Amino acid sequence: MAKGQIYIVVERCKACGFCVEFCPTKVLALSSAFNSKGYHPPHVIHPENCSGCNLCGMYCPDFAIYGNKIAGGNKIAVGGSHES
Ligand code: SF4
Ligand code: SF4
């Protein structure tokens, strides 16, 4: 089961690929889809491997992605998670 959750703000992405490259568990890949600026944003290919380490968020120059650790039990992950 995934320990982390990834949030991607597709429209901010410039497709530099840092998040894909630096994710230690290879959770991400650049999508074949375009955002409105004409870039290929990342998408999640192995969500079960995400640890929520947020290395993707630390390397992203455009604040377009971040990861959160999922809290144990039925708690909501801390920081930036919204219930809808
Ligand atoms: S939070 Fe960590 S494990 Fe999850 S996608 Fe980002 S870099 Fe990869
Ligand atoms: S690091 Fe940020 S800007 Fe670069 S591909 Fe990933 S989400 Fe897009």
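The following paragraphs describe the fold, the nonpolar core and the ligand surroundings of a predicted model.

The chain contains 2 helices and 4 strands, arranged along the sequence in the pattern β-α-β-β-α-β. Of its 84 residues, 20% are buried. Among contacts with a sequence separation of 6 or more, 56% involve residues 24 or more positions apart.

Strand β1 (4-8) pairs with strand β4 (residues 65-69) in the antiparallel sense, over 5 bridges. Within this pairing, G4 stands opposite K69 of β4. The side chains of β1 alternate: those of G4, I6 and I8 point to one face and are buried, whereas those of Q5 and Y7 point to the other face and are not. In a regular strand, such alternation between the two faces of the sheet is the general arrangement of side chains.

The largest nonpolar core comprises 12 residues. Its members include I6 and I8, both of which belong to the buried face of β1. Also in this core are the cysteines C13, C19, C23, C50, C56 and C60, together with V27, L28, A64 and I65.

C56 is located in helix α2. This residue is classed as buried because 26 C-beta neighbours lie inside 10 Å, against a threshold of 20 or more. With residues up to four places away in sequence left out, C56 touches I6, C19, F22, C23, L28, I65, Y66 and G67. The C-alpha atoms of C56 and F18 are 7.3 Å apart, although 38 residues separate the two along the chain. Under the same exclusion of residues up to four places away in sequence, C60 touches F18, C19 and I65.

Ligand 1 is surrounded by 14 residues, of which C23, C50, C53, C56 and G67 come nearest. Both β1 (4-8) and α2 (55-59) contribute at least two residues to this shell. By class, the shell around ligand 1 consists of 8 nonpolar and 6 polar residues, with no charged residues.

Around ligand 2 there are likewise 14 residues, and the closest are C13, C16, C19, C60 and A64. The shell around ligand 2 divides into 11 nonpolar residues, 1 polar residue and 2 charged residues. Several residues close to the ligands also occur in the largest nonpolar core: C23, C50 and C56 are among those nearest to ligand 1, C13, C19, C60 and A64 are among those closest to ligand 2, and these residues are members of the core.

How values were computed: Residues numbered from 1 in each chain as written. Chains lettered and ligands numbered in written order. Predicted model: local features only at pLDDT ≥ 70, side-chain atom pairs only at ≥ 80, totals over all residues. Near = placed C-beta within 6 Å. Nonpolar A, V, L, I, M, F, W, Y, C, P; charged D, E, K, R; others polar. Core = buried A, V, L, I, M, F, W, Y, C linked by C-beta atoms within 7 Å. Contact = placed C-beta atoms within 7 Å. Pairing = 2+ DSSP bridges.
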